Amino acid sequence: MTYRASAERVRASIQDGSHRPARFLAALRRVRPAERDAWLDLVLGLGELPDDDPELPRGCVPYLPCPVVDLLALVECVPVRASDVFVDVGSGVGRAAMFVHLLTGASAIGLEIQRRLVFEARDLSARLLVSRAPSVEGDAAELARFVPIGTIFFLYCPFSGERLTKVLAGLEPIARTRTIRVCCVDVALPRCGWLTLESSPRLGLEIHRSTYCAPATRPS
Ligand SMILES: C[S@@+](CC[C@H](N)C(=O)[O-])C[C@H]1O[C@@H](n2cnc3c(N)ncnc32)[C@H](O)[C@@H]1O
């Protein structure tokens, strides 16, 4: 089967409710690594990259989707479970959040500053008839603290500097109540006393774990 035919079949299974994470993973694994990003775009019905808002605030990085190879390494390494709540800090059109949801069954929340991209993410959820991958509009530096149900916070270089510091300050009270993971791709995380680098499965991908609480045993 070509990767196009595979993508159409997988999209149909999502829309008719017969989708299962294990089958999604099996279908992904059958696609050649070099074709996996194109496969995912076909599954999600995503076309050209959208234009960015010319008024994107200074220091905020424009939209660029995280490669599947990094997302897959993250999901396998953490590992992300159906009981997790994955929060994409700077979520664009919702591609990474939707991928993680479909692959693992975890709920996935996107935080995105560009209104048009938020609308595209909501449109994606509506087209696929998926309700557990909502997208919230706003500055993630302010919003992250209001997602206390998050267990995994993901950053694919949305911004740097003060905003990163603010996100970590917002996550600290959450980390005091239970262990969270902060997963970064191509982000130089500021020094943070309550996070420890747990693993770095690929160049540029870092998985940090909070240290206030003893890590709970994660179901396999
Ligand atoms: C490199 S893209 C990553 C997109 C998404 N995480 C993915 O991998 O598909 C960075 C995204 O962060 C968003 N962004 C930048 N600054 C932001 C902020 N302060 N609050 C929320 N989103 C922001 C951008 O609009 C862009 O969509």
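# Briefing: a mixed seven-strand sheet and its helices

Leu 129 counts as exposed, because its C-beta atom has 11 C-beta neighbours inside 10 Å. The residue belongs to a predicted model. In that model, 7 strands form an open sheet of mixed pairing. Helix H5 lies across three of those strands, E1, E2 and E4. Helices H1 and H3 pack against each other at about 40°.

**Unusual backbone geometry**

- Leu 129 has a positive phi of about 60°, although it is not a glycine.
- Its place is the loop between helix H6 (115–128) and strand E3.
- Cys 157 is another non-glycine residue with a positive phi, here near 30°.
- Cys 157 sits in the loop that runs between E4 and helix H8 (162–175).
- With 16 other C-beta atoms within 10 Å, Cys 157 is partly exposed.
- Most residues other than glycine have a negative phi, and most peptide bonds are trans.
- The peptide bond from Val 78 to Pro 79 is cis, with omega near -20°.
- Pro 79 falls in the loop between H4 and E1.
- Two glycines also take a positive phi: Gly 105, just after H5, at about 85°, and Gly 204, in the turn between E6 and E7, at about 95°.

**Sheet layout**

- The strand order is E3-E2-E1-E4-E5-E7-E6.
- E3 (135–137) and E6 are the edge strands; each has a single partner, so one side of each lacks a neighbour in the sheet.
- On average, neighbouring strands are turned by 20° against each other, direction ignored.
- Strands of a sheet pair through backbone hydrogen bonds, either parallel or antiparallel.

**Parallel pairings**

- E1 (residues 85–89) and E2 (residues 107–112) are parallel and share 5 bridges.
- Within that pair, Val 85 stands opposite Ser 107.
- E1 also runs parallel to E4 (residues 152–156), with 3 bridges.
- There, Asp 88 faces Phe 154 of E4.
- E2 and E3 are parallel too, over 3 bridges.
- Glu 112 has Glu 137 in E3 as its bridge partner.
- Why is E1 described as largely enclosed by the rest of the structure? The reason is burial: 4 of its 5 residues are buried, so the strand is largely enclosed.

**Antiparallel pairings**

- E5 (residues 181–185) and E7 (residues 205–210) run antiparallel and are joined by 5 bridges.
- Cys 183 stands opposite Ile 207 of E7.
- E6 (residues 195–202) is antiparallel to E7, again with 5 bridges.
- Leu 195 faces Ser 210 of E7.
- E6 and E7 make a hairpin, with 2 residues between the strands.

**Helices H5 and H4**

- H5 (residues 95–104) links E1 to E2 in a right-handed β-α-β unit.
- H5 runs at about 175° to E2.
- How many residues of H5 are buried? The count is 10 of 10, and the helix is mostly covered.
- The buried residues of H5 include Arg 95, Phe 99, His 101 and Thr 104.
- In H4 (residues 68–77), the buried residues are Val 68, Asp 70, Leu 71, Leu 72, Leu 74 and Val 75.
- The cover over these H4 residues includes helices H3 and H5 and strands E5, E6 and E7.

**Packing of H1 on H3**

- Two packed helices are described by the angle between their axes and the distance between the axes.
- For H1 (residues 3–15) and H3 (residues 36–44), the angle is about 40° and the axes are 8 Å apart.
- This crossing is right-handed.
- H1 contributes Tyr 3, Arg 4, Ser 6, Ala 7, Val 10 and Arg 11 to the contact.
- H3 contributes Ala 38, Trp 39, Leu 42 and Val 43.
- By type, the contact residues are 7 nonpolar, 1 polar and 2 charged.

**A buried loop residue: Tyr 63**

- Tyr 63 lies in the loop between H3 and H4.
- Tyr 63 counts as buried because 21 C-beta neighbours lie inside 10 Å.
- Beyond residues up to four places away in sequence, Tyr 63 touches Leu 49, Pro 50, Asp 52, Gly 92 and Leu 117.
- Asp 52 is 11 residues from Tyr 63 along the chain, and their C-alpha atoms are 6.7 Å apart.

Terms used. Residues are numbered from 1 along each chain as its sequence is written. This is a predicted model: local features need pLDDT of at least 70, side-chain atom pairs count only at pLDDT 80 or more; totals for chains, interfaces and linings use all residues. Axes are lines fitted to C-alpha atoms, for helices over the stretch in contact, and angles run from 0 to 180 degrees between N-to-C directions. A crossing is left-handed if the near helix is turned anticlockwise from the far one by less than a right angle, and right-handed if clockwise. Two residues are in contact if their C-beta atoms, placed from the backbone, lie within 7 Å. Ala, Val, Leu, Ile, Met, Phe, Trp, Tyr, Cys and Pro count as nonpolar, Asp, Glu, Lys and Arg as charged, and the others, Gly among them, as polar. Two strands pair if DSSP finds at least two bridges between them. A residue is buried if 20 or more other C-beta atoms lie within 10 Å of its own, exposed if 12 or fewer, and partly exposed in between; C-beta atoms are placed from the backbone. A crossover is right-handed if, with the strands pointing away from the viewer, the path from the first strand over the helix to the second runs clockwise.
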